[in-house]
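Reader: Please give me a close reading of one part of this model, beginning with a single residue and working outward to its surroundings. I would like to see how the separate details fit together.

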Amino acid sequence: MSHLLFDPITLRDLTVRNRIWVPPMCQYAVEAHDGIATDWHMVHYGSFARGGAGAIIVEATGVTPEGRISDKDLGLWNDEQRDALAPIVDFVHSQGAAIGIQLAHAGRKGSFWPEWGEWGTGRGHTTMAIEDGGWETLAPSAVPFDGVATPRAAEEADLDATVGAFVASARRAADAGFDLVEIHGAHGYLLHEFLSPLSNQRTDSYGGSLENRARLLLRVVDAVRTEIGDSMPLLVRLSATDWLEGGLTLEETIQVTRWLTEHSVDLVDVSSGGNAPAEIPVGPGYQVPLAAAVRAETGMPTGAVGLILEPAQAEQILLTGQADVVLLGRELLRDPNFALRAADALHHEDPDLIPMAYHRAHR
Ligand SMILES: Cc1cc2nc3c(=O)[nH]c(=O)nc-3n(C[C@H](O)[C@H](O)[C@H](O)COP(=O)(O)O)c2cc1C
């Protein structure tokens, strides 16, 4: 019996073996605070490849030091960082999976203590002060995210530099051998801050109308596309709604996605929220309708993410045309072999998916 979950997908020159993808997930594992990948990253990302995932998207990776959420994030603003990622890319390829990287600027949600803080301190997701090693953050307007430090409103020169930093990081990603690049336009980080009226109060050509609020994202997309050329897929992650009155709406996201279609983006990874505290109706597959609406209204291929937990649930999302790939975050943290388990559960026979030494466990 064939299943869409195990149907390869082709985006530009890349064919991915299946549609069970790993979304970007910050590890806060760079103990040396230098943005350089460690053994943890090799084992963490390598295990998803060994476990049968189609494509793995490496966690939010800062395009500048100030573009990191915390000082334990990965970075890609220098060549040493590129060279540390290359062996991870090679190992993932050796296991038959594809690998991408999420390029990110954290904006006003930067200079945080790593999410879980130092053990026992409970400081996660609060500002790391400059005297503790933190930094001044950048945003569309000098409006702080809930309870954290007030950012500096970006000037035109900051925006030019930010676009340049995305381009330079994308070049390094391509040189390290990554198969695709995802631009982080979600979760209240810089590009989402520009898209959302809750954080963007500018009166220049980057604020006000949706066209203006989307200008920085589209500049980044165009510049990155020019740098990486036509063969490599370019993805964007969006928060489809802020879930708040006066915030970014699904209708606006649909329009932004239409522009992304015209600007050579190949797939939109549809998430939500993160730019201000909101009541989100969390439950199994809760963001799937957002991916479905974006796909139906724009024709853009979509990724669905958010509490996708079971093989049959994942298959059904694809079968009903709501998305082109499914991304499973926390379920893959619990079981990096989810794809192998899904193949067993759906009676999908593919000996090549299973590492040779594991075949005796899958009879
Ligand atoms: C530990 C952890 C780290 C995360 N880091 C990122 C990130 O770097 N970039 C991002 O866009 N989303 C990040 N997310 C969100 C996930 O990519 C995903 O969208 C979210 O967990 C919902 O999917 P799930 O219910 O399958 O986990 C993170 C989630 C977790 C659990």
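Author: A residue is called buried here if its relative accessible area is under 20%, exposed if that area is over 50%, and partly exposed in between. The structure is a predicted model, and the residue chosen as the starting point is arginine 237, which is located in strand 10. Because its relative accessibility is 5%, arginine 237 counts as buried.

The strand around it comes next. Strand 10 is mostly covered, with six of its six residues buried. From this strand Leu234, Val236 and Leu238 point one way, while Leu235, Arg237 and Ser239 point the other way, and all are buried. The side of strand 10 to which Arg237 points is thus shared with Leu235 and Ser239.

Strand 10 belongs to an open sheet of nine strands with parallel pairing, in the order 3-13-12-11-10-9-6-4-5. The edges of this sheet are strand 3 (20-21) and strand 5 (74-75), each of which pairs on one side only. At the edge formed by strand 3, two bridges join that strand to strand 13 (residues 325-327), and the two run parallel. Isoleucine 20 has valine 326 of strand 13 as its bridge partner. On the sheet packs helix 7 (residues 250-262), which touches strand 10 (234-239) and strand 11 (267-271); the direction of helix 7 makes about 170 degrees with that of strand 10.

Strand 10 has a partner on either side in the sheet order. Strand 9 (residues 180-185) is joined to strand 10 by five bridges, and these strands run parallel. Within this pairing, histidine 184 has arginine 237 as its bridge partner. With strand 11, strand 10 again pairs in the parallel sense, over five bridges. Here arginine 237 stands opposite aspartate 269. Their side chains also make a polar contact, at 2.8 Å.

Beyond its neighbours within four places in sequence, arginine 237 is in contact with a set of residues that includes Pro23, Pro24, Gln102, Glu182, His184, Asp269 and Val305. Two of these contacts, Pro24 and Gln102, recur in the surroundings of the ligand: among the 15 residues around it, Pro24, Cys26, Gln102, Leu307 and Arg330 come nearest. A backbone N or O atom of proline 24 lies 2.8 Å from an oxygen atom of the ligand. Histidine 184, the bridge partner of arginine 237, has a side-chain N or O atom 3.3 Å from an oxygen atom of the ligand. For arginine 330, a polar side-chain atom lies 2.6 Å from a ligand oxygen atom. Taken alone, the ligand exposes 600 Å², of which the protein buries 86%.

The connections on either side of helix 7 complete the view along the chain. Tryptophan 243 is in the loop between strand 10 and helix 7. Its phi is near 60 degrees, a positive value in a residue other than glycine. With a relative accessible area of 24%, tryptophan 243 is partly exposed. In the loop between helix 7 and strand 11 lies serine 264, which is buried because its relative accessible area is 19%, and the limit for that class is under 20%. Not counting residues up to four places away in sequence, serine 264 touches Arg12, Arg225 and Leu234. One of these, arginine 225, is 39 residues from serine 264 in sequence, yet the two are 7.4 Å apart in space, C-alpha to C-alpha. Another, Leu234, is among the buried residues of strand 10.

A further positive phi, about 55 degrees, is found at serine 111, which is not a glycine. Serine 111 is in the loop between strand 6 (98-104) and strand 7 (138-139). This residue is buried, with a relative accessible area of 1%.

Helix 7 also takes part in covering helix 8 (residues 288-298). In helix 8, Val288, Leu290, Ala291, Ala292, Ala293, Val294 and Thr298 are buried. Their cover includes helix 7, strand 11, strand 12 (302-305) and helix 9 (311-319). Helix 8 is followed by glycine 299, whose phi is positive, near 80 degrees.

To return to the starting point, arginine 237 is buried, is the bridge partner of histidine 184, and makes a side-chain polar contact with aspartate 269.

Note on methods
Residues numbered from 1 in each chain as written. Predicted model: local features only at pLDDT ≥ 70, side-chain atom pairs only at ≥ 80, totals over all residues. Heavy atoms only, no water. Pairing = 2+ DSSP bridges. Helix = DSSP H or I, 4+ residues; strand = E, 2+ residues; numbered from the N terminus. Contact = heavy atoms within 4.5 Å. Axes fitted to C-alpha atoms, helices over the stretch in contact; angles between N-to-C directions. Buried < 20%, exposed > 50% of the residue type's maximum accessible area, 1.4 Å probe, protein only. Polar contact = N/O pair within 3.5 Å; in protein donor to acceptor, adjacent residues only side chain to side chain. Near = heavy atom within 4 Å. Areas by Shrake-Rupley, 256 points an atom, 1.4 Å probe, with all protein chains shown as cover.
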